[in-house]
Amino acid sequence: FGATVRARHIPSGRAVAIKLEAHYVQTYGEAALLAREKEVYDILLADPESRHHIPQVNWFGQQDDYYCLVLDLLGSSLSHEHIGNAFPLVDALEITVMLLTSLEFIHSKGYLHRDVKPSNICRGRDDRSHEIFVIDFGLAKPFLDNGGRLPFSTNLLFVGTRQFASRAAHFGIEQCPWDDLESLAYTLISILRRGRDDEPIAMPS
């Protein structure tokens, strides 16, 4: 129902990323998914600290048959780094520290990401290539309401990406900040085992 494309801002010549969503995705009177994602960005971007954790939004609106969310263009995602080769441990540890800080920032605003995985973690570009950014807030959800936790729920529909989702997500249990951290752990295991898929995982005796 959507796609992300690379484009160029004609007046400035600056490269951007445009996330597209077809109008027909809006059903049952609900807001378009991309519109809800833009609301999450608005809340996060209200804090200047956000520039170190998420891409900046340049524009949102409708164009022809699509909703469009224009974001700063980032570098490669972790899913495209060191393909077929072992991911350097030092790089993984450095990325972990930055991601823990980013998730702490997102959680401090009362939101869960709910889809932490290699393809939703990107490096910056040019002079910011050493920074790590979290993207795609399409599944993000508030977990705080007026300063308190939202009610605990069970028997929920699955949300996330199965390979990286937490146990709570698989069992239909309401997620909390810990679930984003669990998904982060699975993400790190995935990239550290890259190029070593045939090796067995050692289990404690």
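**Helices, salt bridges and unusual backbone angles in a predicted model**

S183 is buried, since its relative accessible area comes to 6%, where buried means under 20%, exposed over 50% and partly exposed in between (1.4 Å probe, protein chains only). The structure is a predicted model, so local features need pLDDT of at least 70 and side-chain atom pairs count only at pLDDT 80 or more, while totals for chains, interfaces and linings use all residues. Residues are numbered from 1 along each chain as its sequence is written, and side-chain values use heavy atoms, with hydrogens and water left out.

S183 sits in helix 4; helices (H or I, at least four residues) and strands (E, at least two) are DSSP runs, numbered from the N terminus. Setting aside neighbours within four places in sequence, S183 is in contact with V116, F164, A165 and S166, contact being heavy atoms within 4.5 Å. Another buried serine is S50, at 2% relative accessibility. S50 is found in the loop between helix 1 and strand 3 (57-63). Residues up to four places away in sequence aside, S50 touches L44, L45, Q56 and F105.

F105 leads on to helix 2, where it is one of the buried residues, along with A92, I95, T96, L99, S102, L103, I106 and H107. How do the spacings in such a list come about? An α-helix has 3.6 residues a turn, so residues three or four places apart point the same way. The buried residues of helix 2 pack against helix 1 (33-45), strand 5 (111-112), strand 6 (121-123), strand 7 (132-134) and helix 4 (177-192). The helix length checks out too: at 1.5 Å a residue, the 20 residues of helix 2 should span 28 Å, and the end C-alpha atoms are 28 Å apart, which agrees. The expected span here is 1.5 Å times one less than the number of residues in the helix.

Helix 2 (residues 89-108) also holds L100, which counts as partly exposed because its relative accessibility is 41%. L100 joins W178 and L181 in a nonpolar surface patch of about 290 Å². Patches are made of residues with over 30% relative accessible area and no salt bridge, with like charges joined within 9 Å and nonpolar side chains (Val, Leu, Ile, Met, Phe, Trp, Tyr) within 5 Å. The accessible areas come from the Shrake-Rupley method with a 1.4 Å probe, and for residues only the protein chains shown count as cover.

On to the charged side chains. A salt bridge is a side-chain nitrogen of Lys or Arg within 4 Å of a carboxyl oxygen of Asp or Glu, and by this rule the count comes to 10 salt bridges. One of them pairs K19 with E37, the closest N and O atoms being 2.9 Å apart. This pair links distant parts of the chain, with K19 in strand 2 (residues 14-22) and E37 in helix 1, 18 residues apart. Both ends are out of the way: K19 counts as buried at 17% relative accessibility, and E37 is buried with a relative accessible area of 3%. K19 also forms a salt bridge with D136, where the closest N and O atoms are 3.0 Å apart. That second pair spans 117 residues, from K19 in strand 2 to D136 in the loop between strand 7 and strand 8 (141-142). D136 is partly exposed, with a relative accessible area of 25%.

A further salt bridge joins R123 and E81, whose closest N and O atoms are 2.5 Å apart. R123 lies in strand 6 and E81 in the loop between strand 4 (66-72) and helix 2, so the pair ties together parts that are 42 residues apart in sequence. R123 is buried at a relative accessible area of 18%, and E81 is buried at 9%. As for shared partners, salt bridges join K19, E37 and D136 into one network.Last come the backbone angles. Most residues other than glycine have a negative phi, and most peptide bonds are trans. Just after helix 2, G110 takes a positive phi of about 85 degrees. D126 has a positive phi, near 55 degrees, and is a residue other than glycine. D126 lies in the loop between strand 6 and strand 7, and counts as exposed at 61% relative accessibility. N155, not a glycine either, has a positive phi of about 60 degrees. N155 is placed in the loop between strand 10 (148-149) and helix 3 (167-170), and is exposed, with a relative accessible area of 73%.
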